[in-house]
Structure formats: C-alpha cells, structure tokens
Amino acid sequence: PDLDKVVCRSICDMGAVMNGLAAYGGIIPSVNFVSYVAGAARLSALLQPHPIGTAIHLNAIPNVHFWRPADGNETSAAYLFALQAKGTPSVLSLSRQALLNLENSTIEHASRNLNIVSTNSKVQIAVAAAEILGKGGIKTRVISLLCWEVFDAQPQEYQLEVFRSVAPYLNLEAYTTVGWQNYSHRTSLLSERDYYQKKSGKVISPILHAI
C-alpha cells in the first residue's frame with residue numbers, strides 16, 4: 001500500500017504523527033489548517049491535561065453558549081437552558097472538584113464596597129475571600145457569570161440590575177484575562193501554582209492580595 005495511506009490517513013492523524021517526528025528528532029514538521037490539529041498542537045505545547053485556553057477558545061466561537069456553573073444549582077439551570085435552546089449549541093464546563101451549593105447568591109444580598117465577578121469553581125474561592133473580607137469590614141458581593149453569551153443577550157435593564165453597584169468590580173479567573181475586561185475593572189489571575197493544587201491542599205486566594 002501507499003506510504004501516505006499507512007502513515008497518515010487524515011490531516012487530524014497527521015498532527016499526532018508530527019509530534020512523534022519532532023520528539024524523535026532530526027525533523028521539524030509544519031502544517032497548514034491548524035484547526036484540524038488543535039488537539040495535537042495543545043499536546044505538543046503543554047504535555048499536560050489541564051484545559052488551558054479551552055475556555056477562551058469556546059467563548060470566542062460565535063453562537064455557542066459556554067456555561068461554567070459554580071455549583072449544582074447553576075448546573076441544573078444550565079442544563080435546562082441548554083435543553084430549551086433552539087439553534088444554538090451549548091457546552092457545559094463542569095469542575096471535578098467537590099463544590100458546595102452556594103447560598104445567599106440573590107440580588108438582595110448585594111453590598112457597596114466590592115464586587116467579585118467569577119465563574120465555575122473560582123466562585124467558591126471568591127466566596128471564601130468575601131467571607132474573610134467581610135470580617136475586615138469590607139462588604140463584598142460575589143457575581144457568578146456562568147455564560148457570557150447568554151448574559152450579553154439579556155435586556156440592558158437586567159444587565160444593569162446585575163452590574164448596578166458603583167463599587168469596583170474585580171474578576172477572578174485562571175490563566176487568562178481575555179474577555180473579562182467587559183465585566184470588571186481589574187482581574188486577579190490564578191496561576192498554575194495557585195489553581196492546580198495537590199489533593200486536599202489549602203486553597204490560596206490571590207484575590208486578597210489584589211485589593
């Protein structure tokens with residue numbers, strides 16, 4: 001059989017083959033149409049399973065509802081919205097961490113000193129930080145913004161109801177600040193050391209150092 005049919009049956013397979021050639025040495029492979037080999041490119045760059053860049057990639061795709069729920073209640077809401085959505089695909093990004101269901105997340109519990117905007121498992125860190133800040137006299141409100149696309153499609157009155165406080169808005173995110181400038185004045189970035197911790201390790205909240 002032809003060599004190209006044996007070694008590489010599709011452009012997607014070619015990405016994995018190129019990784020092998022580069023690791024072996026002596027060859028510097030190149031490819032066009034990088035989207036077809038995105039998985040192989042991530043493996044070549046990272047050599048780890050952490051979903052770095054996945055969130056901003058999905059947020060950048062038009063007409064995709066990318067949900068990042070912070071607890072079980074928000075997960076249920078995201079599932080319901082996804083089932084009811086017509087003509088729009090939904091992606092749910094669920095944490096493997098044991099997250100508690102959050103309480104007091106209604107508008108009625110707003111405060112006027114500081115607003116922390118976050119999503120997914122980072123909301124739990126933001127809530128823990130808010131409790132510590134509260135003991136120091138800084139009333140802090142936590143906003144879980146679990147889907148940019150859906151929030152941006154809401155009426156302006158609703159958006160202003162959520163982001164109605166004149167207090168500063170601080171975002172808490174892992175690895176990248178891209179996109180969050182639309183929803184906060186400043187971003188506290190979680191590094192790999194802070195975010196990917198050993199099992200049962202102490203949660204470090206860098207948000208406390210950004211205030």
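Which element of the protein chain has the lowest mean pLDDT, and which the highest? Helix 9, residues 192-195, sits at the bottom with a mean of 43, while strand 2, residues 90-92, comes out on top with 93. That's worth knowing up front, as this is a predicted model. Over the protein chain the mean pLDDT is 75, with 74% of residues at 70 or more. Two stretches call for some care. Residues 106-111 have pLDDT below 50, and beyond near neighbours in sequence this stretch makes 11 contacts in the model. Residues 192-211 are also below 50, and that stretch has 38 such contacts. Where pLDDT is low, the predicted coordinates shouldn't be read in detail.

Now for the overall picture. The protein chain has nine helices and six strands. Of its 211 residues, 33% count as buried. Take the contacts between residues at least 6 apart in sequence: 61% of them join residues at least 24 apart. The accessible surface is about 13,600 Å², and carbon and sulfur atoms account for 57% of that.

A good place to step inside is Thr119, in the loop between strand 3 (114-118) and helix 6 (122-135). Its relative accessibility is 1%, so Thr119 counts as buried. Leaving aside residues up to four places away in sequence, Thr119 touches Arg68, Leu145, Leu146, Glu173 and Trp180. With Arg68 there is something specific to look at: a polar atom of the Thr119 side chain lies 2.9 Å from the backbone oxygen of Arg68.

Two of those neighbours, Arg68 and Glu173, take us to the charged groups. Side chains of opposite charge can pair when their charged atoms come close. Searching the whole structure turns up two salt bridges. In one of them, the side chains of Arg68 and Glu173 meet at 2.7 Å, N to O. This pair links distant parts of the chain, 105 residues apart: Arg68 is in the loop between strand 1 (65-67) and helix 5 (72-84), and Glu173 is in strand 5 (residues 169-174). Arg68 has a relative accessibility of 8%, so it counts as buried, and Glu173 is buried as well, at 3%.

Glu173 also meets the side chain of Lys122 in a salt bridge, at 3.9 Å, N to O. Here, too, distant parts of the chain are linked, with Glu173 in strand 5 and Lys122 in helix 6, 51 residues apart. Like Glu173, Lys122 is buried. Put together, Arg68, Lys122 and Glu173 form a network of salt bridges.

Trp180, another neighbour of Thr119, leads over to the aromatic side chains. The whole structure holds nine aromatic pairs. In the pair made by Trp148 and Trp180, the ring centres are 5.0 Å apart and the planes stand at 90°, so this one is edge-to-face. The two residues come from distant parts of the chain, 32 residues apart: Trp148 is in helix 7 (residues 148-152), and Trp180 is in the loop between strand 5 and strand 6 (186-190). Trp148 counts as buried because its relative accessibility is 12%, and Trp180 does so at 1%. Both tryptophans belong to one aromatic cluster, together with Phe151, Tyr158, Phe163, Tyr169 and Tyr183.

To trace the route again on screen, start from Thr119, which touches both Glu173 and Trp180. From Glu173 you can follow the salt-bridge network to Arg68 and Lys122, and from Trp180 you can move into the aromatic cluster.

Notes
Residues numbered from 1 in each chain as written. Predicted model: local features only at pLDDT ≥ 70, side-chain atom pairs only at ≥ 80, totals over all residues. Heavy atoms only, no water. Helix = DSSP H or I, 4+ residues; strand = E, 2+ residues; numbered from the N terminus. Buried < 20%, exposed > 50% of the residue type's maximum accessible area, 1.4 Å probe, protein only. Polar contact = N/O pair within 3.5 Å; in protein donor to acceptor, adjacent residues only side chain to side chain. Contact = heavy atoms within 4.5 Å. Salt bridge = Lys/Arg side-chain N within 4 Å of Asp/Glu carboxyl O. Phe/Tyr/Trp six-rings, centres within 6.5 Å; stacked < 30°, edge-to-face > 60°. Areas by Shrake-Rupley, 256 points an atom, 1.4 Å probe, with all protein chains shown as cover. pLDDT = per-residue confidence, 0-100.
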